[in-house]
Amino acid sequence: INTSYSFMENKMVARVAYGMSVNNPEFREIAPFGFYDFNFNFTYAGNPNLVSASIHHAEVKWEYYPETSDVINFSVFYKRFINPIEVVIIQGAGSGGAKSFTYNNAKNANLYGAEIELKRAFTKSSNKILKNTGVMLNATYLISNIFLGDDVKGQSNNRPLQGQSPYVINSGIFYNNQEKNYQINLMYNVSGKKIMFVGSQDYPDIYEMPRHTLDLSASYQFPKNVEITAGISDILQSKVLWLQDGNNDGKFDRKNDQMIQKYQPGSVINLGVKYNFK
């Protein structure tokens, strides 16, 4: 359900929305046997007793379009999860150094968030470079909490929803020279630390730490329907780091806390040629 009201000659829009969706378990999550992950030396055991999760979503959003290519959006939203599915550590079940995990339904979870989106194109600038340049920013702040019900199984009821970061930031700079038929884009992303695997009071949760990424892409359009594209992803080559708060002080120290996994995905360079049959 989505209701909107436009004013200021359609330059400003107020929206109120509600939605509901169902999250069904995947095959591996309900399979009555285990899967071995060779990349991480993990074993995942399915849970045939899982039930589908339902999600209620409510949002209030304000949109403003000062120019054709400019956007200022702000929204607040709320999500209610019924029977959310989480990845949980099976304590003491691993062998040969392998950790074991399964999937469980929590009782419910709440998520509160606010999001802002900004887009600005400097098309009216007298500067030759600036008039072809555009910028964007998308930032989201989230607070989530989970309720496990009466059967807590040694887990903490006072924690975020598994897989949910407390913030996400995306930004970019775009340069599009239509006269010379080329475009260059630079994108940046970071998200806050999140629970990868739910632990217990005796075996703390495993968190993935924030990771900064920077991607660069470019394209050039030749006169005869040929376009060349090139790009490089993950320029910063930040490492993926999973930590466990072994001393239970509520802080995550990259030097002193238990390191569960650490690896570097590395950059990916791509080059492509497109031909448009007109």
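Student: Which residues do ring pairs link into a cluster?

Tutor: Rings of Phe, Tyr and Trp (its six-membered ring) pair if their centres lie within 6.5 Å; planes under 30 degrees apart count as stacked, over 60 as edge-to-face and the rest as tilted. In this model, such pairs join one set of residues into a cluster: F40, F42, Y44, F101, Y103, F197, W242 and Y263.

Student: Before we go on, what kind of model is this?

Tutor: Local features need pLDDT of at least 70 and side-chain atom pairs count only at pLDDT 80 or more, while totals for chains, interfaces and linings use all residues, as this is a predicted model. Residues are numbered from 1 along each chain as its sequence is written, and side-chain values use heavy atoms, with hydrogens and water left out. In short, the model is predicted.

Student: Are the rings of F40 and F42 stacked or edge-to-face?

Tutor: Let's take the geometry step by step. The ring centres of F40 and F42 are 5.9 Å apart. Their planes meet at 25 degrees, so the pair is stacked.

Student: And is F42 buried or exposed?

Tutor: Buried means under 20% relative accessible area, exposed over 50%, and partly exposed in between (1.4 Å probe, protein chains only). F42 has a relative accessible area of 3%, so F42 is buried.

Student: Which residues have the most contacts inside the largest nonpolar core?

Tutor: A nonpolar core is a set of buried Ala, Val, Leu, Ile, Met, Phe, Trp, Tyr and Cys residues joined through side-chain atoms within 4.5 Å. The largest one here has 15 residues. Those with the most contacts inside it are F42, Y44, F101, F197 and W242.

Student: Which strand gives the largest share of this core?

Tutor: Strands (E, at least two residues) and helices (H or I, at least four) are DSSP runs, numbered from the N terminus. At least two core residues each come from β4 (42–45), β7 (85–89), β8 (99–105), β13 (194–197) and β17 (240–244). The largest share, 3 residues, comes from β7.

Student: Where in the chain do E86 and R159, which form a salt bridge, lie?

Tutor: A salt bridge is a side-chain nitrogen of Lys or Arg within 4 Å of a carboxyl oxygen of Asp or Glu. For E86 and R159, the closest N and O atoms are 2.7 Å apart. The pair links distant parts of the chain, 73 residues apart: E86 is in strand β7, and R159 is in the loop between β10 (133–147) and β11 (167–177).

Student: Is E86 buried or exposed?

Tutor: Use the relative accessibility again, which is 3% for E86. That value makes E86 buried.

Student: Which strand gives the largest share of the nonpolar patch on the surface?

Tutor: Patches are made of residues with over 30% relative accessible area and no salt bridge: like charges are joined within 9 Å, nonpolar side chains (Val, Leu, Ile, Met, Phe, Trp, Tyr) within 5 Å. This one has about 990 Å² of accessible area together (Shrake-Rupley method, 1.4 Å probe; for residues, only the protein chains shown count as cover), and its residues include Y5, W62 and L118. The largest share, 3 residues, comes from β6.

Student: Why does L118 count as partly exposed?

Tutor: L118 lies in strand β9. L118 counts as partly exposed because its relative accessibility is 31%.

Student: How many helices and strands does the chain have?

Tutor: Buried residues make up 35% of the 278 residues in the chain. Its secondary structure comes to 1 helix and 19 strands.
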